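User: I am new to this structure and would love a close look at one part of it. Could you pick a single helix, walk me through its setting, and then show me how the surroundings fit together?

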Amino acid sequence: MTASTAAGRGEERITTRSAAETIKNCCEVAYSSDLVSLLLGDSYHPGGLKLTRRLLQAAELRPGERMLDVAAGVGTTCLLVATDYDAVSDGVDISAANVTVATDAAASLNLTDRAVFHRGDAEALPLPDESFDVVACECALCTFPDKPTAVAEMARVLRPGGRLGITDIAADHARLPAALSGLAGWVACMGDARSLQDYRRLLDEAGMRTTLVEHHHNALEQMIWHVAARLDLLRMTAGPRLEALGVDFNRVRPVLEAARAAVLDGILDYVLIVAEKPG
Ligand SMILES: C[S@@+](CC[C@H](N)C(=O)[O-])C[C@H]1O[C@@H](n2cnc3c(N)ncnc32)[C@H](O)[C@@H]1O
């Protein structure tokens, strides 16, 4: 397998299976951590549940339909689908810890028959062909090393006429500052984020027809601001304990500032894309 990045920054080309596995392991560890949950809350993407609702509306999720959330995090979107949309859902995430948190949350809400969670890799979804009406993927395609395979997998599990709804960071790689590249930048959803055109090409190549595109850069700017504010609060209240766990506030702050500047300069955007599998 060659999981090469179109980032075009020679120093960070991901060309081997072991490099791809390293990235997946880093994502699993990072997104299973208490720190991420403290900083991001229950929705690990810009715009939170408000943007999730917009995505589900744009993807026309209807009562009784079946939805899959790829890289479901702690299950927040699937639980919303079960409670507010009268639909059933599956969630897949590479993090075993997230799958446990999501499954426990479904049990505590008596929703285990409407929201089921699986540990799995987006590049090899553990689910049958043509079994979902809607597939969602929020702020995660940017982290998958082999994006064409992941998009092909999402298309495979959709029934003909089904809709794929993606929200993700879009990046102008030629202008991405060095502080946002590298492994940490990749895990933080920026280092291998693609341009809108690249995402559309990936969808085209998987046989999907893009029907809607929206720009939500304000949601990304707000999220960066929110994370910076929470980090300041943590530094004041639990600084020494977090530093003992290896959280280096002095390194995180410039990354957040670079990310915020990149949004304001139009280098980073947050996009919503809906595509249909021809029926
Ligand atoms: C930024 S979080 C988004 C989580 C969720 N979609 C949300 O919006 O709350 C990225 C998620 O992708 C998961 N992930 C990363 N690589 C993955 C892969 N190859 N397959 C499945 N999940 C993956 C991580 O464990 C993490 O939960």
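**A close look at helix 4**

Analyst: The buried residues of helix 4 are Thr 76, Thr 77, Cys 78, Leu 79, Leu 80, Val 81 and Ala 82. Please keep in mind that this is a predicted model. Helix 4 covers residues 76-84, and 7 of its 9 residues are buried, so the helix is largely enclosed by the rest of the structure. Buried here means a relative accessible area under 20%.

What does the covering? The elements packed over the buried residues of helix 4 include helix 3 (48-58) and helix 5 (96-108), together with strand 1 (66-70), strand 2 (88-93), strand 3 and strand 4. Just past the end of helix 4, Asp 86 has a positive phi of about 55°.

Now let us step outwards, starting with two of the covering strands. Strand 3 spans 115-119 and strand 4 spans 132-138, and Ala 124 sits in the loop that runs between them. Ala 124 is partly exposed, at 47% relative accessible area. Glu 130 belongs to the loop between strand 3 and strand 4 as well, and Glu 130 is also partly exposed, with a value of 48%. The backbone of Glu 130 is worth a glance: its phi is near 50°, which is positive although the residue is not glycine.

That loop also meets helix 6. Glu 153 lies in helix 6 and, leaving out residues up to four places away in sequence, touches Ala 122, Glu 123, Ala 124 and Leu 125. Glu 153 is buried, with a relative accessible area of 12%. Its side chain makes a polar contact of 2.8 Å with the side chain of Arg 156. For a sense of distance across the model, take Ala 124 and Glu 214: they are 90 residues apart in sequence, and their C-alpha atoms are 28 Å apart in space.

On the other side of strand 4 in sequence, Cys 139 is found in the loop between strand 4 and helix 6 (147-157). Cys 139 counts as buried, at 10% relative accessibility. Like Glu 130, Cys 139 is a residue other than glycine with a positive phi, and for Cys 139 the value is near 55°.

Cys 139 leads us on to Thr 167, which is in strand 5 (residues 158-171). Thr 167 is buried, with just 1% relative accessible area. Setting aside neighbours within four places in sequence, Thr 167 is in contact with Leu 51, Leu 55, Cys 137, Glu 138, Cys 139, Tyr 270, Val 271 and Leu 272.

Finally, here is the whole chain around these parts. The protein chain has 10 helices and 7 strands. Its radius of gyration is 18 Å, close to the 19 Å that the globule rule gives for 279 residues, so the chain is as compact as a globular protein of that length. Along the principal axes, its C-alpha atoms fill a box of roughly 50 × 45 × 35 Å. Of the 279 residues, 52% count as buried. Among contacts between residues at least 6 apart in sequence, 76% join residues at least 24 apart. The accessible surface comes to about 12,300 Å², and carbon and sulfur atoms account for 54% of that area. As for charge, the chain has 27 positive and 38 negative charges, and the mean positions of the two sets are 2 Å apart.

Technical notes: Residues are numbered from 1 along each chain as its sequence is written. This is a predicted model: local features need pLDDT of at least 70, side-chain atom pairs count only at pLDDT 80 or more; totals for chains, interfaces and linings use all residues. Side-chain values use heavy atoms; hydrogens and water are left out. Helices (H or I, at least four residues) and strands (E, at least two) are DSSP runs, numbered from the N terminus. Buried means under 20% relative accessible area, exposed over 50%, partly exposed in between (1.4 Å probe, protein chains only). The radius of gyration is taken over C-alpha atoms; the globule rule is 2.2 Å times the number of residues to the power 0.38. Contact means heavy atoms within 4.5 Å. Accessible areas come from the Shrake-Rupley method with a 1.4 Å probe; for residues, only the protein chains shown count as cover. Lys and Arg count as positive and Asp and Glu as negative; His and the chain ends are not counted. The place of a charge is taken as NZ of Lys, CZ of Arg, CG of Asp or CD of Glu. A polar contact is a pair of N or O atoms within 3.5 Å; within protein, one must be able to donate a hydrogen and the other to accept it, and residues adjacent in sequence count only if both atoms are side-chain atoms.
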